[in-house]
There are 4 protein chains.
Amino acid sequence: MRPSVAPKPSMIYVMGNTFGSLFKISTWGESHGGGVGVVIDGCPSLLPLEEADIQRDLDRRRPGQSKITTQRNEADTAEILSGVFEGKTIGTPIAILVRNEDAMPAAYDHLKDVYRPSHADFTYDAKYGTRNWQGGGRSSARETIGRVAAGAVARSLLRESTDMEVLAWVSQIHNIKAEVQNENVNFDEIESEITRCPDREASDAMVSAITEARKNGDSLGGVITCLVRRVPAGLGVPVFDRLEADLAKAMLSLPASKGFDIGSGFSSVEMKGSEHNDAFTPGDSSPVTTSNHSGGVQGGITNGSEILFRVAFKPTATISAPQETVDKSNNSVTLEAKGRHDPCVLPRAVPMVEAMTLLVLADHWLRNQTARINN
Amino acid sequence: MRPSVAPKPSMIYVMGNTFGSLFKISTWGESHGGGVGVVIDGCPSLLPLEEADIQRDLDRRRPGQSKITTQRNEADTAEILSGVFEGKTIGTPIAILVRNEDAMPAAYDHLKDVYRPSHADFTYDAKYGTRNWQGGGRSSARETIGRVAAGAVARSLLRESTDMEVLAWVSQIHNIKAEVQNENVNFDEIESEITRCPDREASDAMVSAITEARKNGDSLGGVITCLVRRVPAGLGVPVFDRLEADLAKAMLSLPASKGFDIGSGFSSVEMKGSEHNDAFTPGDSSPVTTSNHSGGVQGGITNGSEILFRVAFKPTATISAPQETVDKSNNSVTLEAKGRHDPCVLPRAVPMVEAMTLLVLADHWLRNQTARINN
Amino acid sequence: MRPSVAPKPSMIYVMGNTFGSLFKISTWGESHGGGVGVVIDGCPSLLPLEEADIQRDLDRRRPGQSKITTQRNEADTAEILSGVFEGKTIGTPIAILVRNEDAMPAAYDHLKDVYRPSHADFTYDAKYGTRNWQGGGRSSARETIGRVAAGAVARSLLRESTDMEVLAWVSQIHNIKAEVQNENVNFDEIESEITRCPDREASDAMVSAITEARKNGDSLGGVITCLVRRVPAGLGVPVFDRLEADLAKAMLSLPASKGFDIGSGFSSVEMKGSEHNDAFTPGDSSPVTTSNHSGGVQGGITNGSEILFRVAFKPTATISAPQETVDKSNNSVTLEAKGRHDPCVLPRAVPMVEAMTLLVLADHWLRNQTARINN
Amino acid sequence: MRPSVAPKPSMIYVMGNTFGSLFKISTWGESHGGGVGVVIDGCPSLLPLEEADIQRDLDRRRPGQSKITTQRNEADTAEILSGVFEGKTIGTPIAILVRNEDAMPAAYDHLKDVYRPSHADFTYDAKYGTRNWQGGGRSSARETIGRVAAGAVARSLLRESTDMEVLAWVSQIHNIKAEVQNENVNFDEIESEITRCPDREASDAMVSAITEARKNGDSLGGVITCLVRRVPAGLGVPVFDRLEADLAKAMLSLPASKGFDIGSGFSSVEMKGSEHNDAFTPGDSSPVTTSNHSGGVQGGITNGSEILFRVAFKPTATISAPQETVDKSNNSVTLEAKGRHDPCVLPRAVPMVEAMTLLVLADHWLRNQTARINN
């Protein structure tokens, strides 16, 4: 477990802040500095769009929204700087800006030279030879504001052109597992719980567990489940841009995520082919499956069944209990974190999972429009 | 579970057959037709390379290599068509060709109009309005020949320039779990078992289970574990091209894979932050961690610890037991598959997992070379 | 000359607002709306950078800078929103914002339904089914603010890491041709003339011609010459990303440009091979050429000689003399433009040509750092 | 004219062998070695395609086709290895292979250590520290086989889906200028002349000039004009992927090209805005222009008029007259080239210019299909 290469302050690198091929987003911004934002390139013209469409999703991810999230309080108000004219997109890049407000850089002074365990302080220094130590910089969850804003635009696009519905919820926190009927679960049920777990009983237990963790200066992880309904067959591009491959990348690019599986996922391992295969049966106009172990994707392309996948999130790295670590000079120090933070990121991660899913779907939906010979 | 859009024979689309940004590969070819291959663009010049380097890995993935793989027998001999001169790369694209040999298209005649369950027959038709029905076409595992060939070139590049070691093995088949010491496991132990599971006892049980499944016309899934040793700190590009995000995409792009997790992965969910965080302690010249729940990656960038991840594979979709399905005209039919196939893809998937890992690492290693101001 | 396809208001498309592969910029913004800007992704960390570095070049392209430019008066003040911390880049995206200030949308009311000749009004409508008619929208020269800001960052990068010098000047306006000694011409000479033509006599004639054109409600075109000194051998990536190919694309992407040639260019056509070939002769440590008809590039790669190329600009499309045209309903109308505009874009295009050249060079310089086996 | 950086044998780099965004081609191969080829990714499915479609264009570029081209004689027979099934494309990558046949590496032995003037020998060595000296390697015109093959596929795609016609011809060789009526010129007239100049009188003079140049061991340059008829309005993607910018890049990526201009091009410089602007007048269903100084493109987007542009080619660098140069050890040597070569590349460059134009148009045509909200 020894780093084989010490940090080299002079090493400098390319970044990967762009996601998507046709519905392409580029996020920018640190948790401290002028602000954070996103540029969306490739959104079709003539799509009705206003700031309220974006604000709705940003409000679902903003800090301070409930008693179980961080108390850092920022309105995170979005301003559309370009690409929209008279209430519609015009085919040009859509730039969205959210100013940083509640930044309290002084609160981070004690972290200037310390590497917080399981944070990105050390790795950013190792890679870039520098970092914005006033908060998490670019590795802060604040970076996801741009993603959620862009996801809201993707949502508008998909709503205008398809009838797909993307729904994500918290299905597990620590060892508390929810029971959710995929057939019936709906947005209002999810949003009515501050945990975003639609199983009220489980949700109440989760609130208690999170509250307890916060009291102990500790943190909890969990699982988010995501379901896409009314999916057209044909989305996904073999062989590398399989839909599940793009979803996996999207999810593992979220802060604190550690795993992804689709359909039967890791549990498929203990099934036999004869149990696992999804038999086809004649549908109204085309084949339908009698089971959905595939999670809606075969050969990397949607088959018209629902897409269903899970994302595992580790417990938040920021805890207030004292921890042993080292500083930039490679000396032992004891760290007591003072900042405001989430004891469990799951409730606020739900709109992030949705956003990334919407971005993948919008991109593949656009890619599917590319070219009909008999146009 | 009804496809909301019926296949449209006239819909035509873009493909995604390229992987990597600086060490970029493009695979091509169907299981039936002239052959399969890959073009590698971005491999540095002056790298010693010969066909034997490539053949070594191709031999590990080729069919017919043992009693538990498909008996389809193809030598899969690689020819380097360009990019190498006098035993070294010259900085130009490296084109590699493997001719198709043992294709028996007649063996597929009965599949021309039938959608095999959990195969890509229906989804390719839905997307492209056509497919090469003589075998799996592009969704055949045969497509991975190009990946494994390119992975061998990546292996040469990394060996020449770093001391990283990539090691993958079968850690579970069906419900048989191996016990493997990550510290000690080595290539020879893995390769000495036809299962590529280095726990001999478990391996023997796996052979029996696979043999039994084949006898019953059934198939089995499993888990492959992958370990990377002596990783330099600093690999991985925030925010979307996090190393774990690129690995997840790479793994979920493999045929039959259903899940990915890294480090503590899905089991992190039931840990608390105080248990999960990897404490830093002073190392010789830079910090090291006292545990590795992160799996070697923090904030999307390697921290110098070993990279450790798992990939779940579903049981092979091709089984010889009779199955209910439909044909292109949406009529019920009973399918009895006649082709030769693997009752369990795991042993042959090990070199595929290695290849994709090598490709991700080579790409990020190259990206890390990009630019030092004090050059 | 009949458009074979009428504008379809519902047709919507992907955009191409990104330039560069490793030093990658994405510009956004219309001439009217919140502002214009750029996101730079891939700039190495630890580069000293402050807003003044950017403002210097923006001031050279801003309107109202002299009596021969448009009198539209905007300070075009740049704000760095991210990617810089404590005076240095940190390897994260650099977002730069310039607010729109002197927008007078009412001045454009009479253009709402009219297609100005040789402008992009009709073509944007044909492509996107809509456009921001308050000014030129995205086709306005105002879009180049993002390019010039990014070019200034590229200039800082190249200055820190190479000793290349990029120098552009006006070499012709209408039929007035300057005489310039490439060996001696320097930045101060160029900047001391409001035309940015370093031949004072020609410059004076140009000022008269521009003044006369403005008086007549007319406009003039011209040629900009660009020279790069102290170029390292080895820049440029065969076969499609030849240095001259990337330069040609960069130049033809500038508003109003109509042609590009390099070295002997169009005049090479009437030379014979025996006259045109650049003979090699031994230099101090490597070959040098005794002539430079190649313009510094052979086989798409720099040979160490100076890069020299020309860009042709058409006369500005906006003129105040009355013109026959049609409106959106395909009816004849007579247009009398009322806006403020440049009678000749050349003086302000000089920093644009420089910026695009710097961006191409920075990109290729970074690409050249990618990977040494003997690292 | 001194290279500021001597060749560094250990410097290694990324390549740029891919062209296009949605209709994407990757060429590979050197003039000596296994062969040359191309992989086309993104071609729609269900396009009728056979090897004869490709061979037709390859035959127009092959050596030995007439008395004024090189006498190197290769059939250049194309084999389609993938992506086509039962006479139609299936949406997967189309790999095309042409084996090298008439390679006579011994003929190049004397060039092993010598840098031919105005060739890429020195620059490839400077960049890659090595090169395939048996012929021009990757900088050989032989590389364009892949482009012409891919262009033929693009031609099939455009023919199936639009009625555009791409026509290129030789309009000047050395100082002999052709007179061609753009309105009437047709394919048969062009192909009936071995010069591919449709003005018979000029063509005869060109044949004499080329024959004379060959006799003197010298070479000639020239101009190719390209015309696209029946262009739909709306092709081209602002701001960087303007149609003229992509065309300029395409043309400057061809071996020996030195310049590009569109519409009035370099001659626009001496026109006034009032002369240059293309007035709109009502057409049948949408505006048409009464002149075409724009060359069919305004704001980077086609306006429905014909596209018209020119490409300048320098005289071939390979001449047989003795030349002064240096060897790899930086010593003076006298070179007498012995290989077979073209005294003038123009006739064989016509299908290359067409191919690159077709590739740009196919790419932009596909990009234009991306997404209609009212799908």
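Student: Which residue of chain A comes closest to the rotation axis?
Tutor: In this predicted model, that residue is A:K249, whose C-alpha lies at 2.4 Å from the axis.

Student: What turn and shift lay chain A on chain B?
Tutor: A turn of 180° with a shift of 0.0 Å along the axis lays chain A on chain B, and the RMSD is 0.0 Å.

Student: Why can one say that chains A and B meet through the same surface?
Tutor: Of the interface residues of chain A, 100% are also interface residues in chain B, so the two copies meet through the same surface.

Student: And what about laying chain B on chain D?
Tutor: Chain B can be laid on chain D by a turn of 180° and a shift of 0.0 Å along the axis, with an RMSD of 0.0 Å. These two copies are thus related as by a two-fold rotation axis. They also meet through the same surface, because 100% of the interface residues of chain B are interface residues in chain D as well.

Student: Changing topic: how do helix 1 and helix 8 of chain B pack?
Tutor: Packed helices are described by the angle between their axes and the distance between those axes. For helix 1 (residues 51-61) and helix 8 (residues 346-369) of chain B, the angle is about 140° and the axes are 7 Å apart. The two helices of chain B are therefore oblique to each other.

Student: Which residues meet there?
Tutor: From helix 1 of chain B come B:D57, B:R60 and B:R61, and they meet B:R348, B:P351, B:M352 and B:A355 of helix 8 of chain B. The residues of this contact divide into three nonpolar, no polar and four charged.

Student: Now the sheet in chain C: in what order do the strands lie?
Tutor: The order is 1-2-3-7-4 in chain C, where five strands form an open sheet with antiparallel pairing.

Student: Which strands stand at the edges?
Tutor: Strand 1 (18-19) and strand 4 (78-80) of chain C do. Each has a single partner strand, so one side of each is left without a neighbour in the sheet.

Student: How many bridges join strand 3 to strand 7 of chain C?
Tutor: Six bridges join strand 3 (residues 35-41) to strand 7 (residues 94-99) of chain C, and the two strands run antiparallel. For example, C:G37 has C:L97 in strand 7 as its bridge partner.

Student: Which helix packs on that sheet?
Tutor: Helix 1 (residues 51-61) of chain C does, touching strand 4 and strand 7 of chain C. The direction of helix 1 makes about 150° with that of strand 4 of chain C.

Terms used: Residues numbered from 1 in each chain as written. Chains lettered and ligands numbered in written order. Predicted model: local features only at pLDDT ≥ 70, side-chain atom pairs only at ≥ 80, totals over all residues. Least-squares fit on C-alpha atoms with pLDDT ≥ 70 in both. Contact = placed C-beta atoms within 7 Å. Axes fitted to C-alpha atoms, helices over the stretch in contact; angles between N-to-C directions. Helix = DSSP H or I, 4+ residues; strand = E, 2+ residues; numbered from the N terminus. Parallel < 35°, antiparallel > 145°, perpendicular 65-115°, else oblique. Nonpolar A, V, L, I, M, F, W, Y, C, P; charged D, E, K, R; others polar. Pairing = 2+ DSSP bridges.
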